[in-house]
Amino acid sequence: MAHWDLLLSGARIATMQRGAVDYGTIEDGAIAVADGSIAWVGRSADIPDVSASETRTLSGQWITPALIDCHTHLVFGGDRSAEFEQRLQGVSYEEIARAGGGILSTVTATRNSSPDELFESASKRLRMLAADGVATVEIKSGYGLDIENEIKMLEVARRLGNAYDLTVCTTLLAAHAIPPEFKEDSDAYVSLVCEELIPAVAENRLADSVDAYCEKFAFNPEQISRVFETATSHGLRVKLHADQLSDGGGAELAASFNALSADHLEYTSADGVAAMREAGTSAVLLPGAFLTLGETQHPPITALRENDVPIAIATDCNPGTSPLCSVREAMALACRLFGLTPEECLAGTTREAALALGLDGDRGTLEAGKRADIAIWNVGHPRELSYWLGIRPLASLLIAGRDVNLI
Ligand code: NIG
Ligand code: FE
């Protein structure tokens, strides 16, 4: 005999199913949850005759898939507010990075932080994301830049996943910046990453994927190819910080390794977009970094749309270029800065963000069989999720069918 743990009815539901129009809306909808998964979705008038341990009748609130933040650097020491002021006085991100500031100043602060300190500061940010409807977060390393501290960051990220109901996906981003110890020999650092770090991380299952930063003052395509070949040989999927400040062929490079995603993409060419389409590589757009850096070059939105490249949106939460702790505000920025529609933004933080993490079989839409990661909102229409700035419209968040209160 079928039995449900929870039945939500009297809601308006944006299923965000692929191929559905108008948010996949079901007016006067209902969702049933059993064993942490969605057991049934449909119109309240069609609810099958199944008993439920608990029934909640909503008063027309909107239900969407819980949000997914598929690109963050949530674990870090210190902050970079002083650098923010410097940049407002006209010093560029690249100038600061080349002078040993930028990412490297966060590396020093992160190396000097204990695991507990990193856990505590990242916990606050994780709770802020959840307070705005997030149930799944990707967290990158990349501020350790040596074996011990990259592993420390990944262990903190794993610990966050164990301590909270949210799902945490971890990404090794050892190829984020050239560590000061290897300033004159970045190839030797890449060798260390390939020969020691990736095998250790893979063996201990500390990372779900491997990322790198392809930029003139970071790592070149040859070095990143070595990192990606090693990652792939250890069964890890890859993704790339690509073409953020210049067109370094990052999108093509990511596509050539069948990357899950290529992220940023402000300077990506039409050829880069075509390569992503062929490889099935998702685009992850990061409007918080675009805004904070005062960037004026837009990602190739028209080409991405014309090529049906899936577009995800994320916070890129990090202390340097995107001190942003709300996926919903990332949606609001993507509308205003990139001209995406509110529906594209909601798809970008649910269905397409799940795809960018390789989790699309499991979450990102409201369909029977998927995890019951469900956000309930006090809004009159889902477009309001991209419209309001500075308010918190979340009414409640269910993760695997259970209420979470992280606010
Ligand atoms: O996604 N582009 C490189 N990485 C980060 C920035 C990290 C930092 O500045 O600390 C990004 O924007
Ligand atoms: Fe990033």
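**Legends to the close-up views**

**Figure 1. A163, a partly exposed residue of helix 5.** With a relative accessible area of 47%, A163 counts as partly exposed, since that class lies between under 20% (buried) and over 50% (exposed). The model shown is a predicted one. A163 belongs to helix 5, which covers residues 147-163. Between the C-alpha atoms of A163 and W4 there is a separation of 27 Å, and the two residues are 159 residues apart along the chain.

**Figure 2. The protein as a whole, as the setting for the views that follow.** The secondary structure consists of 15 helices and 16 strands. For 407 residues, a compact globule would be expected to have a radius of gyration near 22 Å, and the 21 Å of this protein therefore agrees with a globule of that kind. Along the principal axes, the C-alpha atoms occupy a box of roughly 70 × 40 × 40 Å. Buried residues make up 60% of the 407. Among contacts with a separation of 6 or more, 72% join residues that lie 24 or more positions apart. The exposed surface amounts to about 15,500 Å², of which carbon and sulfur atoms supply 48%. Of the charged side chains, 32 are positive and 57 are negative, and the centres of these two sets are 4 Å apart.

**Figure 3. The iron ion (ligand 2) and its protein donors.** The donors are NE2 of H71, NE2 of H73, NE2 of H241 and OD of D316, at 2.1 to 2.3 Å from the iron ion. Along the chain, these donors follow the spacing H-x1-H-x167-H-x74-D. H71 is situated in the loop between strand 6 (67-69) and helix 1 (81-88), whereas H241 is part of strand 10 (residues 237-242), so the pair ties together parts that are 170 residues apart in sequence. Both H71 and H241 are buried.

**Figure 4. D132, a buried residue in a loop.** D132 occupies the loop between helix 4 (115-131) and strand 7 (134-140). Its relative accessibility is 0%, so D132 counts as buried. Apart from neighbours within four places in sequence, the residues in contact with D132 are L67, S326, R328, W377, I391, R392, P393 and L394.

**Figure 5. A2, in the segment before strand 1.** Strand 1 spans 3-14, and A2 lies in the segment before it. The relative accessible area of A2 is 49%, which means that this residue is partly exposed. When residues up to four places away in sequence are not counted, A2 touches V50 and S51. The C-alpha atom of A2 is separated by 9.4 Å from that of D49, a residue 47 residues apart from A2 along the chain.

**Figure 6. D35 and H264, two residues with a positive phi.** Most residues other than glycine have a negative phi. In D35, which is not a glycine, phi is positive at about 50 degrees. D35 is placed in the loop between strand 2 (25-34) and strand 3 (37-43), and its relative accessibility of 75% makes D35 an exposed residue. H264, also a residue other than glycine, has a positive phi near 85 degrees. H264 is found in strand 11, which comprises residues 261-264. At a relative accessibility of 2%, H264 counts as buried.

Note on methods: Residues numbered from 1 in each chain as written. Chains lettered and ligands numbered in written order. Predicted model: local features only at pLDDT ≥ 70, side-chain atom pairs only at ≥ 80, totals over all residues. Heavy atoms only, no water. Helix = DSSP H or I, 4+ residues; strand = E, 2+ residues; numbered from the N terminus. Rg over C-alpha atoms; globule rule 2.2 N^0.38 Å. Buried < 20%, exposed > 50% of the residue type's maximum accessible area, 1.4 Å probe, protein only. Contact = heavy atoms within 4.5 Å. Areas by Shrake-Rupley, 256 points an atom, 1.4 Å probe, with all protein chains shown as cover. Lys, Arg positive; Asp, Glu negative; His and termini not counted. Charge placed at Lys NZ, Arg CZ, Asp CG, Glu CD. Donors = N, O, S within 2.8 Å, 3.2 Å for Na, K, Ca; no water.
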